[in-house]
Amino acid sequence: MKRHNVDCAPGCPVEATLDLIDGKWKGVILFHLQGGRLRFGELRRKMPGITQRMLTKQLRALEEDGLVLREVFAEVPPRVEYELSELGESLRPVIDALRRWAEEHRARAGTALAAAAPVDAHAGA
């Protein structure tokens, strides 16, 4: 899954960046790895909605793209740990900006919903 040419039309670098963190899970994985090294099972517990197969697939893609480092320890059972690479760390401001935007959007959406909700005249009765 190595990514392609970033040197192209004005919107293309954004496209290339989004291609690296596309889908539902890659950004979430990168977010959790910002806290430091995690084992596969720890990542899985932090993301209960992801299947083992999908987590494996996404971690492999992130590793192949150079965003995540994988270390396998010669133990029984084998222990595998993941951490952000230097390139992955460089995405920290992007992931943090996405998180902040979502928190602000959630707050705005909640305020808008509350303002639009009909007033129940019987609520206090």
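A residue counts as buried here when its relative accessible area is under 20%, and as exposed when that area is over 50%. Keep those two words in mind as you click through this predicted model.

**Stop 1: the whole chain**

Start by colouring the protein by secondary structure. You should find six helices and three strands. Walking from the N terminus, the elements come in the order α-α-β-α-α-β-β-α-α. The protein has 125 residues, and 28% of them are buried.

**Stop 2: helix α4**

Now select residues 52-64, which form α4. Does its length fit that of a helix, and what span should 13 residues give at 1.5 Å a residue? The expected span is 18 Å, and the end C-alpha atoms of α4 are 18 Å apart, so the two agree.

Next, show the side chains of L55, Q58, L59, A61 and L62, the buried residues of α4. Turn the view until you look down the axis of α4: these buried residues fall within an arc of 160 degrees, so they line one face of the helix. On the face turned away from them, pick out R53 and R60, which are exposed.

What do the buried residues of α4 pack against? Show α1, α2, α3, β2 and β3 to see their partners. Just past the helix, click on G66, which follows α4 and has a positive phi, near 80 degrees. For background, most residues other than glycine have a negative phi.

**Stop 3: Q58**

Stay in α4 and zoom in on Q58. Its relative accessible area is 9%, so Q58 is buried. Leaving aside residues up to four places away in sequence, Q58 touches D22, W25, K26 and I29.

**Stop 4: helix α1**

Select residues 12-20 for α1. Here C12, A16 and L20 are buried. They cover an arc of only 85 degrees around the axis, which means they sit on the same side of α1. Rotate to the other side and you meet V14, E15 and L18, which are exposed. The buried residues of α1 pack against α2 and α4.

**Stop 5: the sheet**

Hide the side chains and look at the strands. They make an open sheet in the order β1-β3-β2, with antiparallel pairing. β1 and β2 stand at the edges with a single partner strand each, so one side of each has no neighbour in the sheet. Between β2 and β3 there are six bridges; to see one of them, select V68 and its bridge partner in β3, L84.

Then bring back α2: this helix lies across β1, β2 and β3, and runs at about 95 degrees to β3.

In the loop between β2 and β3, find P77. The peptide bond from V76 to P77 is cis, with omega near -5 degrees. By way of comparison, most peptide bonds are trans.

**Stop 6: the core**

Finish inside. In soluble globular proteins, nonpolar side chains tend to be buried together. The largest nonpolar core here has 21 residues, and those with the most contacts inside it are I29, L30, L33, L55 and Y82. At least two residues of this core come from each of α2, α3, α4 and β3.

Centre the view on Y82. Which residues does Y82 touch, not counting those up to four places away in sequence? Among them are L33, F40, L43, L59 and V68.

Definitions and conventions
Residues are numbered from 1 along each chain as its sequence is written. This is a predicted model: local features need pLDDT of at least 70, side-chain atom pairs count only at pLDDT 80 or more; totals for chains, interfaces and linings use all residues. Side-chain values use heavy atoms; hydrogens and water are left out. A nonpolar core is a set of buried Ala, Val, Leu, Ile, Met, Phe, Trp, Tyr and Cys residues joined through side-chain atoms within 4.5 Å. Buried means under 20% relative accessible area, exposed over 50%, partly exposed in between (1.4 Å probe, protein chains only). Helices (H or I, at least four residues) and strands (E, at least two) are DSSP runs, numbered from the N terminus. Contact means heavy atoms within 4.5 Å. The expected span of a helix is 1.5 Å times one less than its number of residues. The arc is that of the directions from the helix axis to the C-beta atoms. Two strands pair if DSSP finds at least two bridges between them. Axes are lines fitted to C-alpha atoms, for helices over the stretch in contact, and angles run from 0 to 180 degrees between N-to-C directions.
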